[in-house]
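Visitor: Could you show me how to read aromatic pairs and nonpolar cores in a model?

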Amino acid sequence: MSLSQTPRAAADARRWVARICRELGRDDLIECAELGTAELVANAILHGVAPISVRVRGTATHPRIEVLDGSPLAPVPAANAVETDDFLATFGRGLSMVAMSAVAWGASMEADGKVVWFEPASGVGDQAAAAPVFDSHAEPDVEARSDQAVAVRLLGLDVPLATALGRQYADLRRELRLLAVAHQDAYPLAANLSAMFSSYERQLPRDVHFAVKRARRASAATIDLNVTVEPEAAPILTTMLEMFDLADAFCKAERLLSIQRTPEQRAFHVWYLTEFIRQIDGEAPITFRQSDSARSLGNQQVS
């Protein structure tokens, strides 16, 4: 839910998260969800940068409320806040209220801002919960390509789909990362999947990411790219094709409260990863719109 930087934003967000809790069958969390959300939204309006939004992620068992804003500065918990009457001290005390309403809370710093999150408790505690969990997503180290690296041509890469898929992937990647750091005992698979995603990211050339950003700024619809990839990437990318479908199934079943790929995003993703696998095997490049995944998508839309 997108929020305006006005006094009514906190009330709007509070009502919205209460409705989501009811839809999840978690009426027991409404009081703490409303209290923590109101505090985080107020802090984002006072100290954050637009755009500001609130969303619910995690799982139905451990729903997580997140407030996003465009400031990369980490929040200051009460223990670290300077004892003065300025806004920062008030900000620290606000986070104490969040901690008292939560079984876990923290913040994630991203390239385009931050996400402050909490998992609402079933009742407001008499003291703060556990220490906050702060994390950030560092880009994987990029290793120099070997002499065995294979040249890959990506023809007709759809810039809007690549951009939308990148955002969806970042959301899913962060979801697994937070489950791994905040609930490692409850979700041991999340840590393994998070490590698998890190390995996956190391296989793909970063040139694609930067080329898509440049093309988006130039309002280009499609681009052709020449990149290189190591031969050993093929089995990893093949495995990840299955993993992404599994993640979609989890999201669809609301075992993960993230957004699954749209049919268009999935078709593009299958083409993108398959092009690396095919060309590593010596096959000729195929444009996205001529690929089997795009044709299959077209047939589904016609029917």
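**Aromatic pairs and the core**

Guide: At 2% relative accessibility, F197 counts as buried (under 20% relative accessible area, with over 50% exposed and partly exposed in between, for a 1.4 Å probe and protein chains only). This is a predicted model, in which local features need pLDDT of at least 70 and side-chain atom pairs pLDDT 80 or more, while totals for chains, interfaces and linings use all residues. Residues are numbered from 1 along each chain as its sequence is written, and side-chain values use heavy atoms, without hydrogens and water.

Visitor: How many aromatic pairs does the structure hold?

Guide: A pair of aromatic rings is described by the distance of the centres and the angle of the planes. The structure holds ten such pairs (Phe, Tyr or six-membered Trp rings with centres within 6.5 Å; stacked under 30 degrees, edge-to-face over 60, the rest tilted). Y169 and F197 are stacked, at 5.7 Å centre to centre and 5 degrees between the planes. This pair links distant parts of the chain, 28 residues apart, with Y169 in helix α4 (residues 159-182) and F197 in helix α5 (residues 188-203); helices are DSSP runs of H or I of at least four residues, strands E runs of at least two, numbered from the N terminus.

Visitor: Which residues touch the most other members of the largest nonpolar core?

Guide: In soluble globular proteins, nonpolar side chains tend to be buried together. Of the 46 residues in this core, those are L154, L157, F268, Y272 and F276 (a core joins buried Ala, Val, Leu, Ile, Met, Phe, Trp, Tyr and Cys through side-chain atoms within 4.5 Å). Helix α4 gives the most to this core, with nine residues.
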